[in-house]
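Okay, thanks for making time, everyone. I'd like to walk you through one model today, going from the sheet to the core and then to the charged pairs. Have a look at it first.

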Amino acid sequence: MAAFRDMEEVSQGLLSLLGANRAEAQQRRLLGRHEQVVERLLETQDSAEQRLREILAAEEEVAQSLLDAKERAHQGGAELQQLEAELRKAGEEDTRLKASLLYPSRELEELKETEASLERQEREVDEDTTVTIPSAVYVAQLYRQISKIEWDYECEPGMVKGIHHGPSVAQPVQLDSSQLSKKFISDYLWNLVGTDW
């Protein structure tokens, strides 16, 4: 009965180790998403800077047009009316460009919020990993030294697979937990372990 309890504790430790591996995969996935968000942030920033340069160039053109208009105002009223129409057009273009600049600004803010959220999730995963992995690794290593079983963590769900390195020969272990009871599997595995340790 004590052996069964030991086996349950070791199994819980192995499950914790597997959970830590999932946390590491989640951390890699979050890092990938973080890099994508940073790339999008830089692209949006470049686009916003380009649009700002366009706005400044348009404003410079409008200012130059105004200076030219003042010089030509002395030449006649007809030219003045034409220049006022051009000025209205330039003002509309300026308004359009400023409005188009608002969209990248909003997108930039959303990307910054997403980046902050990803950084927060990454810190949480780091904290979880830091707490769980050392104890789970220790339990898994201790169990491997005692049982001399090398587990196959890549096997299908519901299967218990590995190789028992016995005193004379290595013996494969393959048990279907959907057809066998946990007690039977535990007893079978503990029977493989010699008591001369």
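Let's start with the strands: β1, residues 149-151, pairs with β2 in the antiparallel sense, over 3 bridges. When I say strand or helix, I mean DSSP runs numbered from the N terminus, E of at least two residues for strands, H or I of at least four for helices. And two strands pair if DSSP finds at least two bridges between them.

Quick housekeeping. This is a predicted model, so local features need pLDDT of at least 70 and side-chain atom pairs count only at pLDDT 80 or more, while totals for chains, interfaces and linings use all residues. Residues are numbered from 1 along each chain as its sequence is written, and side-chain values use heavy atoms, with hydrogens and water left out.

Back to the sheet. W151 sits opposite G162 of β2. On to β3, residues 170-176: that strand runs antiparallel to β2, with 7 bridges joining them. Here I163 is the residue opposite P172, and the hairpin linking β2 to β3 goes through 4 residues. Put together, you get an open sheet of 3 strands in the order β1-β2-β3, paired antiparallel. β1 and β3 are the edge strands, each pairing on one side only. On average, neighbouring strands are turned by 25° against each other, ignoring direction. That angle is between axes, which are lines fitted to C-alpha atoms, for helices over the stretch in contact; angles run from 0 to 180 degrees between N-to-C directions.

Zooming out for a second: the protein has 3 helices and 3 strands, in the pattern α-α-β-β-β-α along the sequence. It has 197 residues, and 25% of them count as buried. Buried here is under 20% relative accessible area, exposed is over 50%, and partly exposed is in between, with a 1.4 Å probe and protein chains only. As for contacts with a separation of 6 or more, 60% come from residues 24 or more positions apart; contact means heavy atoms within 4.5 Å.

Now, which side chains of β2 are buried, and which are not? They alternate: V160, G162 and H164 point to one face and are buried, whereas M159, K161, I163 and H165 point to the other and are not. Take V160. Leaving aside neighbours within four places in sequence, V160 contacts W151, V173, Q174, L175 and I185.

That takes us to the helix. α3 lies across β1, β2 and β3, at about 175° to β3. The largest nonpolar core has 11 residues: Y143, I149, W151, V160, V173, L175, I185, L189, W190, L192 and V193. By nonpolar core I mean a set of buried Ala, Val, Leu, Ile, Met, Phe, Trp, Tyr and Cys residues joined through side-chain atoms within 4.5 Å. β1, β3 and α3 each supply at least two residues of this core, and α3 gives the most, with 4. As a general point, nonpolar side chains in soluble globular proteins tend to be buried together.

On to charges. How many salt bridges does the structure hold? There are 2, a salt bridge being a side-chain nitrogen of Lys or Arg within 4 Å of a carboxyl oxygen of Asp or Glu. One joins E93 and R96, with the closest N and O atoms 2.4 Å apart. Those two are about one helical turn apart because they sit 3 residues apart in α2, residues 77-147. E93 is partly exposed at 32% relative accessible area, and R96 is also partly exposed, at 45%.

K183 and D187 make a salt bridge too, at 2.8 Å from N to O. They are 4 residues apart in α3, residues 182-192, so again that's about one helical turn. K183 counts as exposed at 52%, and D187 as partly exposed at 32%.

Last stop, the loop between β1 and β2, where you'll find E156. That residue is partly exposed, with 45% relative accessibility. The C-alpha atoms of E156 and D176 are separated by 9.8 Å, with their positions 20 residues apart along the chain.

That's my tour, so over to you.
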